[in-house]
Amino acid sequence: MEPFRAKVVEPIPFTTRAQREQALRRAHHNLFNLRADEVTIDLLTDSGTGALSAAQMAAAMLGDESYAGARSFHRFRDVVGNLTSYPHVLPVHQGRAAERILFSALLRPGLITLGNTHFDTTRANVELVGGRALDLPCPEAADLDSPHPFKGDIDLEALHRALTGPDAPRVAAVVMTLTSNGMGGQPVSMANLTETARLCRAHGVPLFLDAARFAENAWLVTRNEPGYRNRSPREVAEEAFRLADGCTASMKKDGLVNTGGFLGLRDPDLAQRCELLLVATEGFPTYGGLAGRDLDMLAQGLLEVTDPDYLRARAGATAYLAQLARAAGVAVVEPPGVHAVYLDAGRLLPHIPPHRFPGHALTCALYLEGGVRGVECGSLYLGKEDAHGNPVVSAPWELVRLAIPRRVYSQSHLEHVGRTLARIARHADRLPGYRITAQAPLLRHFRSELAPVPLHEDEHRSTAVTTTPSPEPHPPVAVPPRGALAAHL
């Protein structure tokens, strides 16, 4: 069972199908535009959506709101420094602020960052300063059904070629995302991270971690990597940070807080340049855009997040949701990670071509059918179309991410999601695709406006070409009985 009990609760909204249809039309069929009180189960993100512990709430009462030199900052810096070993710690309001500051200080037009898989805001912040973000995922990541435990690893051979090839002088940094959110929440092995660090040192290229989910990555290492099974998640996390030259970290994930993050660095010259940008854009170096109470709650969250009982329960809940999805006849990215279950929308909806966004079609169906909000991770997120709406670039997979907020939803909430998926799967061939009616030039999935395309109106359907073959769906399995979550804990 979960290693905690509820102390404060809030009601969740229950809506009718007609109300959800009206809300989705008003939101231009983009679930980011929905009001939160129109959503029953919100799995849009695990970022900043978790429940605080009693100890964190108590820590908030110790918050020192002094502009400079607050006690809260020193407590926060000590906790982060002990965890990461980085001598320079800059607080920021969230991870993308750390990315913007780091890449503004480190990059210039034409330079390259290499990574296992850059997440959307990471890539955007590289591109905003004129850089180029290149992904080098390991070959095992291409097989969504493979049980390989570390599909978040970087391709070491490709990394070596990039660091020794003709573009090597333009490589400014390597960014390893733990876990790889853009690659189905898959973890990075310590062996891979160690060799990546060796290659970076050999070629004089700094290595940075995107450490938003460092504790979840460490948990999966302790479960699956030989040589680490008798180590604690805290010990694994400390070793991972020591291998890198610094990190950006959104602590709205594994900091267990609603807002906050940090930039950790070893290089004093780079830290000084970053601090100047911090002061100009976020705040004084001892608060960085955060209230003192936020810094104290974050410090306490970092002490709680590597607790093995907490991580075991969180991983078990995700595994249970994956089991429910399979039971509904919906394939998932295997093996499930910790923070989210990734549904294979392309396999469930083969009649919808990539430029009609099957992942987005599934997210809309989840909302209309059960008030469940997820997020598309497919061609709406990664693709491009020409002026006529024809595909130019399609995503390698059409996925839907169901991200589980920390310490928020119960087993019965997850079972509601499973029942909703089962109802959708029974009439999946009747779901329409979507077309974009308005979009932004960057991070379009956040603010795009879309409209459904009825099946009989999509003239491209019969000639659509997907970027990857669609394997046969997983065979349905028996729906787990109530109480089955305990088997995963």
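Hi everyone, let me start with an empty space inside the protein, where α14 (358-370) and β11 (375-377) each supply at least two residues of the lining of the largest cavity. Before going on, please keep in mind that this is a predicted model.

How large is the volume of that largest cavity? It comes to about 80 Å³. The lining is made up of Asn30, Leu31, Phe32, Leu44, His360, Thr363, Gly374, Val375, Glu376, Leu380 and His445. Sorted by character, those lining residues give five nonpolar, five polar and one charged. For the structure as a whole, the search turns up five cavities of 30 Å³ or more. For anyone new to this kind of search, rolling a probe the size of a water molecule over the atoms shows where empty space is left.

Now to the pockets. The largest pocket has a volume of about 1500 Å³. Its lining counts 44 residues, and Ala51, Arg406, Arg407, Val408 and Tyr409 are the ones that lie nearest the centre. Three elements give two or more residues to this lining, namely α2 (54-60), α12 (308-327) and α16 (411-426). Which of them gives the most to the lining of the largest pocket? That is α12, with four residues. By residue type, the lining of the largest pocket splits into 25 nonpolar, eight polar and 11 charged.

The second largest pocket has a volume of about 1100 Å³. This second pocket is also lined by 44 residues, with Tyr381, Leu382, Gly383, Lys384 and Val393 lying nearest its centre. The elements that give two or more residues here are α5 (120-128), β4, α15 (379-382), β12 (384-385), β15 (433-438) and α17 (444-447). Of these, α5 provides the largest share of the lining, four residues. The lining of the second largest pocket divides into 21 nonpolar, 13 polar and 10 charged.

One residue I would like to point out is Ser410, which sits in the loop between β14 (399-403) and α16. Is Ser410 buried, partly exposed or exposed? With 29% relative accessibility, Ser410 counts as partly exposed. If you put Ser410 and Asn390 on screen together, you will find them 20 residues apart in sequence and 42 Å apart in space, C-alpha to C-alpha.

Let's move on to the strands. Seven of them form an open sheet with mixed pairing, in the order β2-β8-β7-β6-β5-β3-β4. At the edges stand β2 (88-92) and β4 (132-135); each has a single partner strand, so one side of each is left without a neighbour in the sheet. On average, and ignoring direction, neighbouring strands of this sheet are turned by 20 degrees against each other. To pick out one pairing, strand β6 (residues 207-210) runs parallel to strand β7 (residues 246-250), and three bridges connect them. Within it, Phe208 stands opposite Gly246 in β7.

Another strand to look at is β9 (residues 340-344). Five of its five residues are buried, so β9 is largely enclosed by the rest of the structure. In a regular strand the side chains alternate between the two faces of the sheet. Here, Ala340, Tyr342 and Asp344 point one way from β9, while Val341 and Leu343 point the other way, and all are buried. Which strand do five bridges join to β9? The partner is β14, and the two run antiparallel. Across that pairing, Tyr342 stands opposite Arg401 in β14.

Last topic: the aromatic residues. The search of the whole structure gives eight aromatic pairs. One of them is Phe73 with Phe76, a tilted pair at 6.4 Å centre to centre and 45 degrees between the planes. Why are these two separated by about one helical turn? Because Phe73 and Phe76 are three residues apart in helix α3 (residues 71-84). Phe73 counts as buried because its relative accessibility is 5%, and Phe76 counts as buried because its relative accessibility is 0%. Elsewhere in the chain, Tyr67, Phe284 and Tyr287 form one aromatic cluster.

To wrap up, here are the places to open in your viewer: the largest cavity, at about 80 Å³, the largest pocket, at about 1500 Å³, and strand β9, with five of its five residues buried. Thanks for listening, and I'm happy to take questions!

Key:
Residues numbered from 1 in each chain as written. Predicted model: local features only at pLDDT ≥ 70, side-chain atom pairs only at ≥ 80, totals over all residues. Heavy atoms only, no water. 1 Å grid on protein atoms, 1.4 Å probe; cavity = no way out; pocket = protein on both sides within 12 Å on 5 of 7 lines; lining within 4 Å. Points joined across faces, edges and corners; volume = space filled by probe spheres on them. Nonpolar A, V, L, I, M, F, W, Y, C, P; charged D, E, K, R; others polar. Pairing = 2+ DSSP bridges. Axes fitted to C-alpha atoms, helices over the stretch in contact; angles between N-to-C directions. Phe/Tyr/Trp six-rings, centres within 6.5 Å; stacked < 30°, edge-to-face > 60°. Buried < 20%, exposed > 50% of the residue type's maximum accessible area, 1.4 Å probe, protein only.
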